[in-house]
Amino acid sequence: MRDGSLDPTQRLLRSCRGEPVDRPPVWLMRQAGRYLPEYRAVRGDRPFLELCRDVELAVEISLQPLRLVGTEAVILFSDIFVPVPGMGIDVDFRPGPTVAEPIRSLPQVEALRVPDPRESVPYVFEILRTLRRELAGEAVPLLGFAGAPFTLAAYLVEGRSSGDFGAVKRMLHRAPEVLRALLARLTDLVVGYLAAQIEAGAQAVQLFDTWAGILGSADYRDWVLPVHREIAAKLERAAAPPSRAEAGAEGARGPRTPLILYVKGGSHVLDCMAESGADVISLDWRVDLARAAREVGGRVSLQGNLDPAALAAPPDRIFAWVREMAEAAAPARGHILNLGHGCPPDTPVEGVRAFTDAARALAPERSGTRAVQS
Ligand code: CP3
């Protein structure tokens, strides 16, 4: 490593915390997946959940984007629905999550268990521990993730993917006590799941609240913000990285594991996202990055936000957009280059490679984030 430059773990963690870096780090949501021929080869015709449970294959798939397209973080290969069957809910992928018996009543919610994920999905933590060992030598950061309670509830109430998730909105108005009880159970699940991921070696964790943006600002503030705050606060108490746990005494504790919060279509709730207790807010492509940097970038770091479809453009256009994003995000305390949503299956691999190359080509003085003082 050149004198004065940061390793990928330092670059990502410092960006999350709003500390100076040489340039923004880069990774992509849904960076492992069908756009990679190597993923399709490993997958063959295996059911998706089988891949998620196979430690060796899931480790291989998690590492593919690092080796093949130059991402600067590795995210656990899994899905937001992996910990859900342990609650007693039958979930299948066709190809999106499908629930045999959608949740509509209080007795159904009360029958849900909140399992210890170390027992219900031990393979998730085995994958993380293996990845952490594999990545240690390269100082590449390892990310964990979970679906946020509202997004999980949206699928569980609807029963499957839906354009507008009308069923969860109707429940909010018609049977608010059922939705409250469901969100409470899912919050306990998510806190335990993310804490166990951190314990197994995840160095930052992302909470995917993909569908929370379907709520208006007032409903979001009443129903979603308190859940995010509870998760952030409980994680801070529960999930000490091993070195911190060993250190024991409060004074000897290092910084906490960063929390990244993603909401799709969240331009109307940026303030709430910034008040959630998350260290980083991950923006979809419709949010004006410069506006977000001005309005909330002093309080939280930003992640995003290229339109995933733009990866189909020629490499020189992708390079130009990456420079523009870095400049737009410059007033923020930190910025992580990423897409505004997951990388779609029909994305050209060259486009993904151009995106990560463009991040590395950002000279410190051109980069959006403040340069490291030597
Ligand atoms: O980012 C990563 O590379 C890590 C892996 C990851 C997957 N899903 C793998 C996956 C992550 C972080 C997710 C999150 C996820 N899953 C979300 C939140 C983020 C988002 O995209 O909005 C949601 C809503 C889901 C639910 C889900 N899983 C859907 C709707 C689908 C089917 C549609 C689709 O895009 O394929 C899945 C399946 C899924 N999850 C696949 C992968 C690689 C496809 C599996 C395959 O067919 O090979």
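In this predicted model, strand 5 (residues 204-208) and strand 6 (residues 259-262) run parallel and are joined by 4 bridges. Within this pair, Leu207 stands opposite Leu261 of strand 6. Strands of a sheet pair through backbone hydrogen bonds, and they can do so in either a parallel or an antiparallel way. Here the two strands belong to a bigger arrangement: an open sheet of 7 strands, with parallel pairing and the order 1-4-5-6-7-8-9. At the edges stand strand 1 (74-75) and strand 9 (335-339); each has a single partner strand, so one side of each is left without a neighbour in the sheet.

Now for the ligand. It sits in the largest pocket, with 24 residues surrounding it. Sorted by character, the shell comes out as 14 nonpolar, 6 polar and 4 charged residues. The closest of the surrounding residues are Arg30, Arg34, Tyr39, Arg43 and His341.

A few polar approaches stand behind this picture. An N or O atom in the side chain of His341 is 2.7 Å from an oxygen atom of the ligand. The backbone takes part as well: a polar backbone atom of Gln31 lies 3.1 Å from a ligand oxygen, and for a polar backbone atom of Ala32 the distance to an oxygen atom of the ligand is 3.3 Å. As for cover, the ligand taken alone exposes 880 Å², and the protein buries 89% of that.

Arg30, already listed among the residues closest to the ligand, also has a backbone quirk. Its phi is near 55°, a positive value in a residue other than glycine. Arg30 is found in the loop between helix 1 (8-17) and helix 2 (37-43). For context, most residues other than glycine have a negative phi, and most peptide bonds are trans.

Peptide bonds supply a couple of further oddities. The bond from Arg94 to Pro95 is cis, with omega near -20°, and Pro95 is found in the loop between strand 2 (91-93) and strand 3 (97-99). Another cis peptide bond runs from Gly304 to Asn305, this time with omega near -5°. Asn305 lies in strand 8 (residues 301-306), and strand 8 appears in the sheet order between strands 7 and 9.

Technical notes
Residues are numbered from 1 along each chain as its sequence is written. This is a predicted model: local features need pLDDT of at least 70, side-chain atom pairs count only at pLDDT 80 or more; totals for chains, interfaces and linings use all residues. Side-chain values use heavy atoms; hydrogens and water are left out. A residue is near a molecule or strand if one of its heavy atoms lies within 4 Å of it. A polar contact is a pair of N or O atoms within 3.5 Å; within protein, one must be able to donate a hydrogen and the other to accept it, and residues adjacent in sequence count only if both atoms are side-chain atoms. Accessible areas come from the Shrake-Rupley method with a 1.4 Å probe; for residues, only the protein chains shown count as cover. On a 1 Å grid over the protein atoms alone, a cavity is a set of points where a 1.4 Å probe fits but cannot get out, and a pocket is an open set with protein on both sides within 12 Å along at least five of seven lines; lining residues have an atom within 4 Å of a point. A molecule sits in a cavity or pocket if more than half of its atoms lie within 2 Å of its grid points. Ala, Val, Leu, Ile, Met, Phe, Trp, Tyr, Cys and Pro count as nonpolar, Asp, Glu, Lys and Arg as charged, and the others, Gly among them, as polar. Two strands pair if DSSP finds at least two bridges between them.
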